[in-house]
Amino acid sequence: MICEKCSGDAARVEPQAPAAMELYRCQKCGHEIWVRTHYVQSALPRAAVYAAVVRAQDTADAKKLRLKVARVFARISGFSLTSLDEQFAQGTLVWDLGLYSDSEKHEIVEASKAVGLNIEFQQQE
Ligand SMILES: [Zn+2]
């Protein structure tokens, strides 16, 4: 860090735990400089994201589940009925229903209980 007053060498004042602001002091003229850091922000946990998956046992089961999935996800933004229908048309029995936040996951779980649909949520890294 270069001192803004005398262009001398400013060193961080110790001891100091990670903080939003850190103090530097010029070793030549003693001028103090507060520097904003990003420690506090980066220490926050990242929001969890979940992949929603539904498994059908066979084609007959898939037909029933498709209707339930369409009902449960009707009001969930980020869900693609087109994507579900493509997977259904291909005869896939394990459906990737997209990625959802924790609050969306909660909403989907509540809605799925009402129609008796079992949805797996896989937390993403
Ligand atoms: Zn200085």
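Reader: Before counting elements, what qualifies as a helix or a strand here?

Author: Helices are DSSP runs of H or I with at least four residues, strands are runs of E with at least two, and both are numbered from the N terminus. By that reading, this predicted model has four helices and six strands in its chain, and along the sequence they follow the pattern β-β-β-α-β-α-α-β-α-β.

Reader: How should I read the pairing of strands, and in what order do the three strands of the open sheet stand?

Author: As a general idea, strands of a sheet pair through backbone hydrogen bonds, either parallel or antiparallel. In this structure, three strands form an open sheet in the order 1-2-3, with antiparallel pairing. Strand 1 (10–12) and strand 3 (32–36) are at the edges with a single partner strand each, so one side of each has no neighbour in the sheet. On average, neighbouring strands of this sheet are turned by 35 degrees against each other, direction ignored.

Reader: How many bridges hold strand 1 to strand 2, and how many join strand 2 to strand 3?

Author: Strand 1 and strand 2 pair over three bridges in the antiparallel sense, while five bridges join strand 2 (residues 21–26) to strand 3, again antiparallel. Arg25 is a useful residue to follow, since Ala11 stands opposite Arg25 in strand 2, and the bridge partner of Arg25 in strand 3 is Glu32. Further along the pairing with strand 3, Tyr24 stands opposite Ile33 and Glu22 stands opposite Val35.

Reader: What links strand 2 to strand 3, and which residue in the turn has a positive phi?

Author: The two strands form a hairpin with five residues between them, and Gly30 in the turn has a positive phi of about 80 degrees.

Reader: Is strand 3 well covered or hardly covered?

Author: Strand 3 is hardly covered, for the count of buried residues among its five residues is zero. Across the chain, buried residues make up 14% of the 125 residues.

Reader: Where, then, should I look for the largest nonpolar core, and which elements supply it?

Author: Strand 4 (49–55), helix 2 (59–72), helix 3 (81–89) and strand 5 (94–101) each supply at least two residues of this core. The core has 15 residues, of which Ala52, Val54, Val69, Phe73, Leu84, Leu97 and Ile108 touch the most other members. Leu84 shows how such contacts are read: leaving out residues up to four places away in sequence, Leu84 touches Arg66, Val69, Trp95 and Leu97.

Reader: Which residues of helix 2 are buried, and what covers them?

Author: In helix 2, Leu65, Val69 and Val72 are buried, and their cover includes strand 4, helix 3, strand 5 and helix 4 (102–115). As for its geometry, helix 2 has 14 residues and reaches 20 Å from its first C-alpha to its last, close to the 20 Å expected at 1.5 Å a residue.

Reader: What share of contacts joins residues far apart in sequence, at least 24 apart?

Author: Among contacts in the chain between residues at least 6 apart in sequence, that share is 48%.

Notes: Residues are numbered from 1 along each chain as its sequence is written. This is a predicted model: local features need pLDDT of at least 70, side-chain atom pairs count only at pLDDT 80 or more; totals for chains, interfaces and linings use all residues. Two strands pair if DSSP finds at least two bridges between them. Axes are lines fitted to C-alpha atoms, for helices over the stretch in contact, and angles run from 0 to 180 degrees between N-to-C directions. A nonpolar core is a set of buried Ala, Val, Leu, Ile, Met, Phe, Trp, Tyr and Cys residues joined through C-beta atoms within 7 Å. A residue is buried if 20 or more other C-beta atoms lie within 10 Å of its own, exposed if 12 or fewer, and partly exposed in between; C-beta atoms are placed from the backbone. Two residues are in contact if their C-beta atoms, placed from the backbone, lie within 7 Å. The expected span of a helix is 1.5 Å times one less than its number of residues.
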